[in-house]
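Colleague: I am new to this structure and should be grateful for a close look at one part of it. Would you please take chain A as the part to examine, and then place it beside its neighbour?

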Amino acid sequence: MSSAEPTRRDFLYIATSTVAAIGAAATLLPLIGQMNPDASTVAAGAPVEVDLAPITEGQAIKVFWRGKPIYITHRNRKEIDAAREVDVTSLPDPQPDDARVKSGHDQWLVLVGICTHLGCIPLSHQGPYDGFFCPCHGSIYDTSGRIRSGPAPANLPIPPYDFVSDSKIRIG
Amino acid sequence: MSGPSPNNNAWPYNLKTDTGALYEAPTYTPRKPIMRWMESRLPIVGLLYSTAVSYPTPRNLNYWWTFGAILTFMLGVQIITGIVLVMHFTPHVDTAFDSVEHIMRDVNYGWLLRYLHSNGASMFFLAVYIHMFRGMYYGSYKEPREILWILGVIIYLLMMATGFMGYVLPWGQMSFWAATVITNLFSAIPIVGDPVVTWLWGGYSVGNPTLQRFYSLHYLLPFAIAGVVVLHIWALHVVGQNNPAGVDPKSNKDVVPFSPHATAKDMFFLSVFCIVYAWFVFYIPNYLGHPDNYIPANPGVTPTHIVPEWYYLPFYAILRSIPNKLLGVVALFGSIVILALLPWLDTSKVKSAKYRPLYRQFFWIFAIVCVLLGWLGSKPAEGGYVIASRVLTAWYFIHFLIILPLLGRIETPKPVPNSISEAVLKKGSVAATLIVGAVGLIALVAPRAALAQDHDQPKPPQLKWSFAGPFGTFDRGQLQRGFKVYREVCQNCHGMTMLSFRNLGEPGGPGFSPEQVEAIAAEYIVKNAPDDRGDINDRSARPADRLPAPFPNEQAARAANGGTYPPDMSVIAKARGYERGFPQFVFDIVMQFQEAGPDYIVALLKGYEPPPAGFKLPSSTTFYNGYFPGRAIGMPKPLSDGQVDYADGSPATVDQYARDVAAFLTWAGEPHLEARKRIGFQVMIFLLVLSGLLYFTKKRIWADVHGHA
């Protein structure tokens, strides 16, 4: 097999093992693919609509989209101002508040309520900034959901969403 | 650091060299320092080398000896696909059937994995039967291989238990009633029978506790099998393989190293075996199953004709042939246990049937008796079938208890060759090979001969379907028309709750656009999740929703339909069929016939006619239909000409409606049919190429051996 010039025997062995290896690799596809989300899970991950009308100022509700808790907070003036007064460059994950809400809808903060540290669910209206506080490892977020202190590396993410009307959003 | 010495107990036979000295087995000598370091601490490479590389195998083994490797492969396939299926299956009476359909419909390649597993069980048993009959023909159970054989019988018993419990898991009608009948075998035990059965069930009848324990054990037992397989192979490697000549190898010229010789041969035949396996998986995946198992378990109704899977049929026939409950069960278990005694029941010193003219004839009689018992096991227990079962059951035991002990004393064997080399010069017959193949195939297909039916009931005409055959695809227009018929007619009484609206737009289906699917869904009302006040409101359906059932529950459905329950139609095309008869059912394998369901549906929908003179309908709410079992159906004639408007100009006739709705129901029951056939073709081409290459590789490897012979 190690002679410089390949023989017919070598070619046969190489061809056979190549074809067998391709077959083995192809067999892995369904075995791996079956662990990806199935069609019903994908279909159930379709966008959801949320009516904002019943949410009063200062109130936060939790809805689920793709199995993730989504915090929808109706912020009051004080909370909005607190989020906007801070020097953005001083933040661990610098991001202005107006980049985290839809323009004209400053009072509505929509967040994926999953701590960016290790996936626990932060508590709403808690902590020194009265934003979010993660009880697992002490990460503290402000009223814009930005990380201020603690082990979490990033701000609470904003899910994809749009205002269908002034009082209705579509998440996803 | 040397590997195992040739005289340790992992090295079989007393092989001599030309000079008469003891032949030294090649051992593994690690060359790299790291391997030397490893080998002196854990000599696993050396162990593998001497068991799977240098291990001597008789040079005259024929292809019947490749089934050990095939069985190992099948055990692996069953364990891997099984572990994967478990990730998606829910072992609960309320959800088991649904979760199997979820696997078939939604899980990526779920249909493939499930069909590999369900047909894999059949292939596993096919291979084990060939393996066992090979052992019987060549006397592989005789001294010194008794323990090896008994371990094999234990594996076989464990396989039967595993296969049975696996069959229960989908929780269809056959699952439920198989569980009931088989567990009731234990009620035959005197005094403690009933408590034992209650204990097996975990209740007063087969129910959720039964399903869950079977699930647990079905997961456990394959690993027990794997453990006994290790012992089986260990025992094999101590005593060495038997061979067609039945004489032990005497010199190193009688053997070839396991690798590459036996490995190449095993690989080639395994690849050929996989072609058969793939044929079933991709083209006739439900051929070996039973339509009734696509009907969800119903503890209130036993199917009119219940039969086990084909691989248990001979034993089922033995059970039913004895008119006494306890003795029937004793005979059933006795017929398996007796196999373990075979090494002592066969008194002949000659191993191979090649040199036992009388035994060879009785072997074939026995093989045919087993196949016939299988056929009888699939027949109803009545009349001539019972008498035939009794005769053959008697023969089964006579073979073991009288013929085998006697033959060893009265038979004059032909001269046994002195050595394997001498035997190789006289080639065995190809005829025997062909006979074994034919018997194996008949054993596999015999049960199909047998859905019990009213014999003068007409057979549904066999229709031409666009989705039949290896390249079949659905006619999109026909599926859309069929869906229209379903919506305007069938849906008034029948649900299709396993179908989601989104399926209507998925590839391989009716091909509705996403907008059409949304619009169709929006016409249906489903229940929303509870709102803030806990009220459950209605909302329009979305593509992700399943089709809502027309009635909230079975009782409401019955109340609205004169006491008849209109079955859910999600898998109805797979849950219905008809007896194909001999020899048609044999051709069906080659012709890939899988369309008994749609044929039956069309025949039924068109089969309404006035009852013939002398036929009395059981009640005023039933109607005469020649194709319906019992001929009195609760559903009034559902279709009439002109009832549904077709926009595409297809004839608005009952015939066309029936064909269209049957095609639609076939798709609904098997939404990935097109993908299955497409992937099947690719797999077939691949396996043919691989088998060809492996054949030439094997030939090349064996060239020097055959050259010497």
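**Chain A and its neighbour**

Modeller: From the N terminus on, chain A follows the order α-α-β-β-β-α-β-β-β-β-β-β-β. Please bear in mind that this is a predicted model. The secondary structure of chain A amounts to 3 helices and 10 strands. Its radius of gyration is 25 Å, whereas the globule rule gives 16 Å for 172 residues; chain A is therefore more spread out than a compact globule. Along the principal axes, the C-alpha atoms of chain A fill a box of roughly 80 × 35 × 30 Å.

Within this chain, one sheet deserves attention. It is an open sheet of 3 strands in chain A, ordered β1-β10-β9, and the pairing is antiparallel. The edges are held by β1 (48-51) and β9 (161-165) of chain A; each has a single partner strand, so one side of each is left without a neighbour in the sheet. From one strand to the next, the twist averages 30 degrees. In general, the strands of a sheet pair through backbone hydrogen bonds, either parallel or antiparallel. Here β1(A) and strand β10 (residues 168-171) of chain A run antiparallel and are joined by 4 bridges. As for individual residues, Glu49(A) has Arg170(A) as its bridge partner in β10(A).

We may now turn to the neighbour. In the contact between the two chains, 22 residues of chain B meet 19 residues of chain A. On the side of chain B that touches chain A, α5 (110-137) and α25 (673-708) of chain B each supply at least two residues. The most is given by α25(B), with 8 residues. By character, the residues on this side of chain B divide into 13 nonpolar, 5 polar and 4 charged.

One of these helices, α5(B), also packs within its own chain. The axes of α5(B) and helix α10 (residues 258-283) of chain B come within 9 Å and cross at roughly 135 degrees. The two helices α5(B) and α10(B) are therefore oblique to each other, and α5(B) passes α10(B) in a right-handed crossing. To this contact α5(B) brings Tyr115(B), Leu116(B), Asn119(B) and Met123(B), while α10(B) brings Tyr277(B), Phe280(B) and Val281(B). The residues of the contact of α5(B) with α10(B) comprise 6 nonpolar, 1 polar and no charged. Thus α5(B) is found both on the side of chain B that touches chain A and in a contact with α10(B).

Methods
Residues are numbered from 1 along each chain as its sequence is written. Chains are lettered from A and ligands numbered from 1 in the order in which they are written. This is a predicted model: local features need pLDDT of at least 70, side-chain atom pairs count only at pLDDT 80 or more; totals for chains, interfaces and linings use all residues. Two residues are in contact if their C-beta atoms, placed from the backbone, lie within 7 Å. Ala, Val, Leu, Ile, Met, Phe, Trp, Tyr, Cys and Pro count as nonpolar, Asp, Glu, Lys and Arg as charged, and the others, Gly among them, as polar. Axes are lines fitted to C-alpha atoms, for helices over the stretch in contact, and angles run from 0 to 180 degrees between N-to-C directions. Angles under 35 degrees count as roughly parallel, over 145 as roughly antiparallel, 65 to 115 as roughly perpendicular and the rest as oblique. A crossing is left-handed if the near helix is turned anticlockwise from the far one by less than a right angle, and right-handed if clockwise. Two strands pair if DSSP finds at least two bridges between them. The radius of gyration is taken over C-alpha atoms; the globule rule is 2.2 Å times the number of residues to the power 0.38.
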